[in-house]
Amino acid sequence: MRTKKQPKDFEIVRLKIKDIDNKTATFRKTKKQLAKDKIRMRSSEVIRIVTAFNPENLKTSDSKYCYVKDLIQLQVGNSYNKYYDILCKNREEKDVGTFTLQVVDVDENNNKSVLEEIRYKRLLCGSSYVRSKKELYVKEELYDAVMKAILVGIPEDTELPKSKTAKYSTYIGLTSTDSTPVSMPNICVVKDFTKPVKDKFDIVKQIQVGKNEYTYEVKKYDDTLEKTKETINCFDGAGLVDYDTAVKWAKEMGLDYVPSSWQIRVSPGIKGNLYTFPVKEYIKYMEENGLQEHLTVTDLWGNKVNIKSAKISVFLTESQFKFHNLYNSFDEWKKAFVTPVEYNNGQTYKRTFNISEVPKPVGKLRNRLCSAYQVLNTLKFSDEEIKSLAEPTVELTRILHTDIEEFIKFRGLYDDEDINEADDRIPPYYKALKLNPDLKNDPYIKKKIDHDLKGFINDRYLGKLFLKGNYQTAIPDLLALMEYIVGLDVKGALSKGEVYSNYWKRKGI
């Protein structure tokens, strides 16, 4: 479904708030300075929207990547007060969250002339942008059309429910996630399956003690030894995709295997994982066992859907469809979604169903992972246990500093892999290093190696240790989810306390 003409990688300019003119909210940059300020970005829906409205953004710059001139990333960093004072405080409503970029030329006498002036408006700030203290801006004249494409029929001034207000920017920001468009499936959205469960829970209660002031009460099971009854969303963020559709998506994405899960990003605010499941085979099983009446299910809005005649290939759950309450029916959302958005220059954008990530094939799972420090902080270790836990990391650090071949492998370039098939995010100087390890003595490459090794050690200081194992997608009991969708007794394939992994079973664990 993804056209060959659509590139995977782009460049946009990143500006720093510290460089803005305080009085005029203007950045003044020469073309040479802007070239240095460019950063590389993977394809995302917001990039596809902007390049559809203005194909000029698909022209390659001095590098091999397309330069998306209509988008700018603003790095705020710790200069929040300066950001607020310049772009928000005491500004007219139309000027809030806007700045101007002047492209200037400087002659030999240091005289400046303005070659171009462009005004940009704040577009989004998703979760990753918040963490890295930055925002994404779009050329102001494109703003309305881009937001119309993102919001899928939701008026921009819609009053949101309290539960969604704080996350509005996060959900809108999903369009900036790296993603690949695939064929639009036939979708049915169902309510979440919740169930009261009595088990060993640590309970944290938030207690308001004043305006915007809270305290927290923690009740630990280990202290009380009392089980607590809580209502659990059993399939939070989980849905199903039929195997045949998964095969089709895999081919469209150029994969030589069928992933077990698909992380999705669909406007507006539709996210989560779809797990590959033989829906057609299950429908056949239901028909062979006299369960045809269960082929008609009730969707999230109370409408009846015959999953066989409607050829449903994807089931979304309520928790995946963040703005479902702003639509009166699924058909209302779908009609808005498939309607192309027009820009006043005659260009249009057709929204897409997007995949942002899939798991690696089993054959490429490495037997080493980098742990998250948060997990280690929750566990108690003796000094000897810490030493034992850290030993593989210490040994790896020694090897990376003394064996250039191992360093090259660590950077993702393996002996049995064609250099032309390596991840294109690996810097070209490391690809050159693989072809000629003697380049380790080149001053430029040596500087890059030293920089990476320094960053490696700093990460280890943060508690990111290397352990035996790998990261895999945790999949809920899909049989139980399908049983719930079609209204059967929810029994599933696993019993309480059971986990199944063919990968670890083969390893005898």
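Helix 17, which spans residues 478–485, is largely enclosed by the rest of the structure in this predicted model, because six of its eight residues are buried. The buried residues are Leu478, Ala480, Leu481, Met482, Glu483 and Ile485. Several elements help to cover these residues of helix 17. Among the strands that do so are strand 9 (187–190), strand 14 (238–242) and strand 16 (270–277). The cover also includes helix 10 (279–288), strand 17 (296–298) and strand 19 (314–317).

The two ends of helix 17 reward a look as well. At its start, Asp477 has a side-chain oxygen that reaches to within 3.3 Å of the backbone nitrogen of Leu479. After the helix comes Gly487, and the phi of this glycine is positive, near 80°.

A pair of strands offers a helpful example of a hairpin. Strand 11 (residues 203–210) and strand 12 (residues 213–219) run antiparallel and are joined by seven bridges. Gly210 stands opposite Glu213, a residue of strand 12. Two residues lie between the strands of this hairpin, and in the turn Asn212 has a positive phi of about 60°.

Attention now turns to charged side chains. Side chains of opposite charge can pair when their charged atoms come close. In this model the count comes to 19 salt bridges. One of them can be followed between helices: the side chains of Lys280 and Asp244 meet with a distance of 3.4 Å from N to O. Lys280 lies in helix 10 and Asp244 in helix 9 (residues 243–252), so this pair ties together parts that are 36 residues apart in sequence. Helix 10 has already appeared here as part of what covers the buried residues of helix 17. Lys280 counts as partly exposed, at 44% relative accessibility, and Asp244 is likewise partly exposed, at 41%.

Another salt bridge can be found within helix 16 (residues 443–461). Here Lys446 pairs with Asp450, and their closest N and O atoms are 3.3 Å apart. What separates these two along the helix? Lys446 and Asp450 are four residues apart in helix 16, a separation of about one helical turn. An α-helix has 3.6 residues a turn, so residues three or four places apart point the same way. Lys446 is partly exposed, with a relative accessible area of 42%, and Asp450 is partly exposed too, at 39%.

Salt bridges also occur among residues with low numbers in the chain. Asp21 forms one with Arg28, where the closest N and O atoms are 3.5 Å apart. Asp21 has a relative accessible area of 26% and is partly exposed; Arg28, at 37%, is partly exposed as well. In addition, Lys18, Asp19, Lys29 and Asp37 are linked in a network of salt bridges.

Finally, a serine in a loop can be examined. Ser176 is found between helix 7 (168–172) and strand 8 (180–182). Is Ser176 buried or exposed? Its relative accessibility is 10%, and because buried means under 20%, Ser176 counts as buried. A polar atom of the Ser176 side chain lies 2.6 Å from the backbone oxygen of Gly173. Leaving aside neighbours within four places in sequence, Ser176 is in contact with Ser44, Val46, Leu124 and Tyr129.

Definitions and conventions
Residues numbered from 1 in each chain as written. Predicted model: local features only at pLDDT ≥ 70, side-chain atom pairs only at ≥ 80, totals over all residues. Heavy atoms only, no water. Buried < 20%, exposed > 50% of the residue type's maximum accessible area, 1.4 Å probe, protein only. Contact = heavy atoms within 4.5 Å. Polar contact = N/O pair within 3.5 Å; in protein donor to acceptor, adjacent residues only side chain to side chain. Pairing = 2+ DSSP bridges. Salt bridge = Lys/Arg side-chain N within 4 Å of Asp/Glu carboxyl O.
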